[in-house]
Amino acid sequence: MGSVTSEQAELFAFRDGMQPTDIAVFFVRSTVPPTNGCAAHPGGRPGAAVAAGATRWTLGHEVGHVLGLDHVDNNDQLMTGNGTGRITNPPPDLLPSEGATMDQSALTIDI
Amino acid sequence: MPVDMSDVRAALERDEPDYTQAQQLGPGAIPHLAALVRGDDAMLAAKAVYLTSLIDAGQDAIKVVADAASHPDPAVRVAAAAATRHLPAHAASDIVIALAADSDGGVARVALKSVPAKPSDELRGQLAYLQGNSEFPELRELATHILADTGP
Ligand SMILES: [Zn+2]
C-alpha cells in the first residue's frame, strides 16, 4: 500500500511474533517528511507509523487507511482528510459502509 | 493572491499533509510558516519548516529553516535537517554543520543523511571530526561513507 522508503522498509521489518494479518503500529518521534502518521507499508507487512505529535485520533485514522478506508470531507468522521485535530463532536464516526469495507479487508479475520 | 494563515493551517493540520499541493501556496505563505515555526505547537512547526523548504522563496525560506535548526524540540530540528535537502547547497551546508553536531543522535543522523552532494570544505571538516569523535557508532560509520561518496 503506497511506496515506501528504505527506512520504512527497515522499520516495518520488525514483526517478531506477529501473524501476517496483524497490523503493526510503530510509535515514532517524528517522520520525514513530517506527518501525524503514515499508513504506507511494504507489501505483506501491514502497519502504520504514528508520530509523537499526533492527535489522539491519528492511530485509529491510520489503521482505518490500512484496512482500506479513504479520506472523507467531514470533520465528524474519523477518516476526515482535513486533520483529525479538527474533529468536532468526538468521538468521531465511522459510517456503516466504512465498517463494511474494513470487514472485507483481508486483514480482518474471524476470532 | 494573498495567502491567509487559515490556508496554511488547513494544509498542515492534515494528518498526512500533501506537501506537493501545499507548495502551491507560494512565497506568500512564508510569513505564516515562519510564525508557525516560532509557535508552541511542535508538530505544526515541524510541518511548517518542511513546507517552507519546498517553496521557492530564496533567503526568506533559508532563514526560516535556519531558525528551526535551533528549535528546542528535537522533532522540529529533525524536520529542519530534512528541509535542508531542498535548499541551495551553500545554505544547506551551513545548517547541516550545526545540526550534524546536535547532541540528539536522531537529529544528527537526519542531518548527515542530508549532506549535499558537494559539501563545503567546512562541512567536510566536520564530517571528518564526527568520523573520529562522534559518540554514536552509527554516525561515525555514516560520516565515513559520506566522506568516501562525496568528492571535495
Ligand atoms: Zn489520512
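Buried area here is the accessible area, taken with a 1.4 Å probe, that two parts lose on being put together, summed over both. On that footing, chain A and chain B of this predicted model bury about 1600 Å² between them, with 50% of it on carbon and sulfur atoms. Three residues do a good share of the work on one side: B:D15, B:E16 and B:M43 supply 41% of the area that chain B buries against chain A, more than any other three residues. In terms of contacts, chain A brings 22 residues and chain B brings 24.

Polar pairing across the interface comes next. Between the two chains there are 12 residue pairs in polar contact, counting pairs with both residues at pLDDT 80 or more. On the chain B side, the elements giving two or more residues are helix 1 (5-12), helix 4 (42-54), helix 6 (74-83) and helix 8 (105-112). Helix 6 of chain B gives the most, with five residues. Sorted by type, the chain B side splits into 13 nonpolar residues, 10 charged and one polar.

Now for the salt bridges. The whole structure has eight of them over all chains, and the count between chain B and chain A is four. A:E7 has two partners in chain B: B:R109, with the closest N and O atoms 2.7 Å apart, and B:K113, where the corresponding distance is 3.3 Å. The bridge to B:R109 runs from helix 1 of chain A to helix 8 of chain B. A:E7, B:R109 and B:K113 also belong, together with B:E138, to a network of salt bridges. At a relative accessible area of 34%, A:E7 is partly exposed.

Another bridge between the chains joins A:R29 and B:D104, at 2.7 Å from N to O. Here the chain A end sits in the loop between strand 1 and strand 2 (37-38), and the chain B end in the loop between helix 7 and helix 8. The two ends fall into separate burial classes: A:R29 is partly exposed at 36% relative accessibility, while B:D104 counts as buried at 18%, the cut-off for buried being under 20%.

Within chain B, the side chains of B:R77 and B:D102 meet in a salt bridge of 2.6 Å, N to O. B:R77 is in helix 6 and B:D102 in the loop between helix 7 and helix 8, so this pair ties together parts of chain B that are 25 residues apart in sequence. Both ends are tucked away, with B:R77 buried at 11% relative accessibility and B:D102 buried at 13%. Setting aside neighbours within four places in sequence, B:D102 is in contact with B:R77, B:V107 and B:A108.

That leaves the rings. A search of the whole structure turns up two aromatic pairs over all chains. In chain A, A:F12 and A:F26 pair edge-to-face, at 5.0 Å centre to centre and 70 degrees between the planes. This pair links distant parts of the chain, from helix 1 (residues 6-12) to strand 1 (residues 24-28), 14 residues apart. A:F12 and A:F26 are both buried. In chain B, the ring centres of B:Y19 and B:Y50 are 4.9 Å apart and their planes lie at 65 degrees, so this pair is edge-to-face too. B:Y19 belongs to helix 2 (residues 19-22) of chain B and B:Y50 to helix 4, so the pair ties together parts that are 31 residues apart in sequence. Both B:Y19 and B:Y50 are buried.

Key
Residues are numbered from 1 along each chain as its sequence is written. Chains are lettered from A and ligands numbered from 1 in the order in which they are written. Side-chain values use heavy atoms; hydrogens and water are left out. Contact means heavy atoms within 4.5 Å. A polar contact is a pair of N or O atoms within 3.5 Å; within protein, one must be able to donate a hydrogen and the other to accept it, and residues adjacent in sequence count only if both atoms are side-chain atoms. Helices (H or I, at least four residues) and strands (E, at least two) are DSSP runs, numbered from the N terminus. Ala, Val, Leu, Ile, Met, Phe, Trp, Tyr, Cys and Pro count as nonpolar, Asp, Glu, Lys and Arg as charged, and the others, Gly among them, as polar. Rings of Phe, Tyr and Trp (its six-membered ring) pair if their centres lie within 6.5 Å; planes under 30 degrees apart count as stacked, over 60 as edge-to-face and the rest as tilted. Buried means under 20% relative accessible area, exposed over 50%, partly exposed in between (1.4 Å probe, protein chains only).
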